Amino acid sequence: MSWFTQTIFSTSVGRKVIMALTGLFLCTFLAVHLAGNLQLLHNDGGQAFNLYTKFMTSNPLIKTISYVNFAFILGHVVWGAYLTIQNKKARPVGYAYNDPGKTSSVSSRWMGVLGTMILIFLLIHLKDFKMAYMGLTEELPMVTYTLENGESVTVKNMYEEVEHEFHEPLVVGIYTLAMVALAFHLYHGFQSAFQSLGLRHPKYTPVIKAVGFVFWGLIPLGFAIIPLIFFFCPTILK
Ligand code: HEM
């Protein structure tokens, strides 16, 4: 094993660096995914969203990025579970009140709980949307649009599926709760990622805090408002 591989995989700092890098990559995915999903809120009967979904699932470059994304999700989940177990083993019992070691083990335990909630949400989400789009759980209806240049395109009507899902109170509840968990997970994760990468200098703190707020605050909020609008005020989408 080379020095680099050994440092990354067998030291606690190295393990945190892996979590930080995979986590920051996944944050980028979330920003792009939200930008695409916000097209659900155009009141055009789903045309922009359906054309966007078709593009995202058929473009070869994006398909490759999607495989990388799944690899990063898997890496982040498996490595996070391993780190949580290691932390638990390292600090079994008995701390004095306000011990910083205890504080860090509590936050790492919470990161594990929140991460598990997000993983459960993700599995439900992929089954409802990704597998449906791939035709594995159901056959989505097709819809034809005439573009500005007169060309006609026929695509799967994913918009109708999203509309159908977000009429279910249980689904809307799960999405809202999952976005609260995501917000807390990113709040801690974003700051600790910069610490693990050694980038927490007082000079950069205001920038890190501002960018962090976009990720832990605005992105989960942006995801949460979509099911809430579909459920509580569908008329504004018509
Ligand atoms: C309002 C909330 C959301 C909506 C409407 C939504 C919608 C969709 C749809 C329609 C797909 C399947 C089509 C495609 O692959 O592009 C999809 C895939 C996916 N979604 Fe979401 N999503 C939401 C939130 C989230 C969140 C919060 C996460 C992560 C925590 C997430 C992670 C994923 C992943 C990993 C995929 C598979 C992407 C791929 O194949 O590369 N989604 N989403």
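Is the crossing of helix 2 and helix 8 left-handed or right-handed? In this predicted model, the crossing of these two helices is left-handed. The rest of the chain gives the setting for that contact.

The chain holds eight helices and two strands. Their order along the sequence is α-α-α-α-α-β-β-α-α-α, with the two strands placed between helix 5 and helix 6. Of the 238 residues, 16% count as buried. Among contacts with a separation of 6 or more, 69% join residues that are 24 or more positions apart.

Helix 2 covers residues 12-37 and helix 8 covers residues 205-232. Their axes come within 10 Å of each other, and the crossing angle is roughly 35°. On the helix 2 side, the contact is made by Cys 27, Leu 30, Ala 31, Leu 34 and Asn 37. Helix 8 supplies Phe 215, Ile 219, Gly 222, Phe 223 and Ile 226. By class, eight of the residues in this contact are nonpolar and two are polar, with no charged residue.

Helix 2 also packs against helix 7, which spans residues 169-196. Here the axes lie 9 Å apart and the angle is about 130°. Because angles over 145 degrees would be needed for roughly antiparallel, helix 2 counts as oblique to helix 7. This crossing, too, is left-handed. The residues of helix 2 that take part are Lys 16, Val 17, Met 19, Ala 20, Gly 23 and Leu 24. They meet Gly 189, Ala 193 and Ser 196 of helix 7. The contact of helix 2 with helix 7 has five nonpolar, three polar and one charged residues.

The ligand comes next. A shell of 19 residues surrounds the ligand, and the closest are Asn 37, Ser 66, Phe 129, Phe 223 and Ile 226. Three of these names have come up already: Asn 37 of helix 2, and Phe 223 and Ile 226 of helix 8, belong to the contact between those two helices.

Which elements give two or more residues to the shell around the ligand? They are helix 2, helix 3 (47-58), helix 4 (60-90), helix 5 (100-133), helix 6 (158-165) and helix 8. Helix 5 gives the most, with six residues. Sorted by class, the shell has eleven nonpolar, seven polar and one charged residues.

Terms used
Residues numbered from 1 in each chain as written. Predicted model: local features only at pLDDT ≥ 70, side-chain atom pairs only at ≥ 80, totals over all residues. Axes fitted to C-alpha atoms, helices over the stretch in contact; angles between N-to-C directions. Helix = DSSP H or I, 4+ residues; strand = E, 2+ residues; numbered from the N terminus. Left-handed = near helix turned anticlockwise from the far one by under 90°. Contact = placed C-beta atoms within 7 Å. Nonpolar A, V, L, I, M, F, W, Y, C, P; charged D, E, K, R; others polar. Near = placed C-beta within 6 Å. Parallel < 35°, antiparallel > 145°, perpendicular 65-115°, else oblique. Buried ≥ 20, exposed ≤ 12 C-beta atoms within 10 Å, placed from the backbone.
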